[in-house]
Amino acid sequence: MPKILLLGAPGVGKSTHSAKITEGFNIPAIATGDILRDNLKRETELGKKAKAYVEAGDLVPDDLVIALIKDRFSEDDTKNGYLLDGFPRTIAQAEELDSYLAEEGSGLDYVLYLNAPKEVLVNRISGRRLCPGCKAAFRTSEVPDGFCPGCGEELVTRKDDQAETAEKRIEVYNEQTAPLVDYYKNKGILVEFDAAHDIDTVQAEIDKALGVQ
Ligand code: AMP
């Protein structure tokens, strides 16, 4: 089973496509943003350290996120592949991931880069709803009643999806995460998708790239 990285700006559709890809391959999705939000909610030590950064739309320091991801990789469900969503987000994180994977004799199989113009990102972020139960992400158009079709919980808007913080997150992405596009292009494992298209069109392209029928 593959090790996949979904790369792209906030709002581009990573969670949406992550759910579809992981279901097909039966691999876990590892979303550092979800893990951090869970720690914030439970007020763990990590949550307390990460809170101010997450709420301001800044990146949490590399050492905290790297420790978090190594901890997650130690769980059994990661042995047969996984999809990374939201990690790595800096060159330092990517290098750390590379050396971690090299040590175990593996590496990423695919980097799927979802690309869309800023207006699309801003629009999607403002129409995004999240299930506090199963963490699934939806667009308002998909869930007119405002409840999770999977587990029935009332959907919420993420605090950091509010306009000002969302703008900041896109800026942070452009400065600190966008350089990863060239980083993975140079390794020859990056496939780019025009994520301004609708979900089904983009997913069909992703399936083709992954060799899914
Ligand atoms: P996301 O749900 O991926 O948009 O992440 C939400 C927030 O969690 C980000 O705005 C960051 O504050 C933090 N975060 C998630 N993943 C990382 C990461 N790999 N490195 C640093 N901060 C992260």
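**Close-up 1. Lys135 and its loop.** Lys135 lies in the loop between β5 (128-130) and β6 (137-139). This is a predicted model, and here the backbone does something to look out for: Lys135 has a positive phi of about 70°, even though this residue is not a glycine. As for the surface, Lys135 has a relative accessible area of 30%, so it counts as partly exposed.

**Close-up 2. Glu43, another non-glycine with a positive phi.** Glu43 sits in the loop between α2 and α3. Its phi is positive, about 55°, although Glu43 is not a glycine. Is Glu43 buried or exposed? With a relative accessible area of 58%, Glu43 is exposed, because the cut-off for that label is over 50%.

**Close-up 3. Gly57 between two helices.** The loop between α3 (45-56) and α4 (62-73) is where you'll find Gly57. Gly57 is buried, at a relative accessible area of 6%, because anything under 20% gets that label. Which residues does Gly57 touch, once its neighbours within four places in sequence are left aside? Gly57 is in contact with Thr165, Lys168, Arg169 and Val172. Ile35 makes a handy ruler mark here: Gly57 and Ile35 are 22 residues apart in sequence, and their C-alpha atoms are 16 Å apart in space.

**Close-up 4. The cis peptide at Phe87 and Pro88.** Phe87 and Pro88 are joined by a cis peptide bond, with omega at about -5°. Pro88 belongs to the loop between β3 (82-85) and α5 (91-103). Keep Phe87 in mind, since it turns up again among the residues that line the second largest cavity.

**Close-up 5. The largest nonpolar core, seen around Leu84.** In soluble globular proteins, nonpolar side chains tend to be buried together. The largest nonpolar core here has 49 residues, and Ile21, Leu84 and Tyr184 have the most contacts inside it. Helix α4 gives the most to this core, with six residues. There is also a second, separate core of five residues, Cys131, Phe138, Val143 and Cys148 among them. Back at Leu84, and leaving aside its neighbours within four places in sequence, the contacts are Ile4, Leu5, Leu6, Ile30, Ile69, Phe73, Leu97 and Leu108.

**Close-up 6. Aromatic pairs.** How many aromatic pairs are there? The count comes to three. One pair is made by Tyr183 and Tyr184, at 5.0 Å centre to centre with 85° between the planes. That geometry is edge-to-face, because planes over 60 degrees apart get that name. Both Tyr183 and Tyr184 are buried. Elsewhere, ring pairs link Phe73, Tyr82 and Tyr100 into a cluster.

**Close-up 7. The largest cavity.** Rolling a probe the size of a water molecule over the atoms shows where empty space is left. Two cavities of 30 Å³ or more turn up in this model. The largest cavity has a volume of about 90 Å³. Its lining is made of Gly11, Gly13, Lys14, Ser15, Thr16, Arg124, Arg128, Ala137, Phe138 and Arg139. The elements that give two or more residues to that lining are α1 (14-25) and β6. Sorted by class, the lining of the largest cavity has two nonpolar, four polar and four charged residues.

**Close-up 8. The second largest cavity.** This cavity has a volume of about 30 Å³. Ile66, Ile69, Lys70, Phe73, Phe87, Glu96, Leu97 and Tyr100 line the second largest cavity. Two or more of these lining residues come from α4, and two or more from α5. The biggest giver is α4, with four residues. By class, the lining of the second largest cavity splits into six nonpolar, no polar and two charged residues. Some names should look familiar: Phe73 and Tyr100 line this cavity, and they also belong to the ring cluster with Tyr82.

**Close-up 9. The second largest pocket.** About 430 Å³ of space lies in this pocket. Which residues are the closest to its centre? Out of 16 lining residues, the answer is Arg37, Leu40, Lys41, Arg158 and Lys159. The elements that give two or more residues to the lining of the second largest pocket are α2 (32-42) and α3. Of the elements, α2 gives the most, with five residues. What classes make up the lining of the second largest pocket? There are five nonpolar, one polar and 10 charged residues.

Technical notes:
Residues are numbered from 1 along each chain as its sequence is written. This is a predicted model: local features need pLDDT of at least 70, side-chain atom pairs count only at pLDDT 80 or more; totals for chains, interfaces and linings use all residues. Side-chain values use heavy atoms; hydrogens and water are left out. Buried means under 20% relative accessible area, exposed over 50%, partly exposed in between (1.4 Å probe, protein chains only). Contact means heavy atoms within 4.5 Å. On a 1 Å grid over the protein atoms alone, a cavity is a set of points where a 1.4 Å probe fits but cannot get out, and a pocket is an open set with protein on both sides within 12 Å along at least five of seven lines; lining residues have an atom within 4 Å of a point. Grid points are joined across faces, edges and corners, and a volume is the space filled by probe spheres set on the points. Ala, Val, Leu, Ile, Met, Phe, Trp, Tyr, Cys and Pro count as nonpolar, Asp, Glu, Lys and Arg as charged, and the others, Gly among them, as polar. A nonpolar core is a set of buried Ala, Val, Leu, Ile, Met, Phe, Trp, Tyr and Cys residues joined through side-chain atoms within 4.5 Å. Rings of Phe, Tyr and Trp (its six-membered ring) pair if their centres lie within 6.5 Å; planes under 30 degrees apart count as stacked, over 60 as edge-to-face and the rest as tilted.
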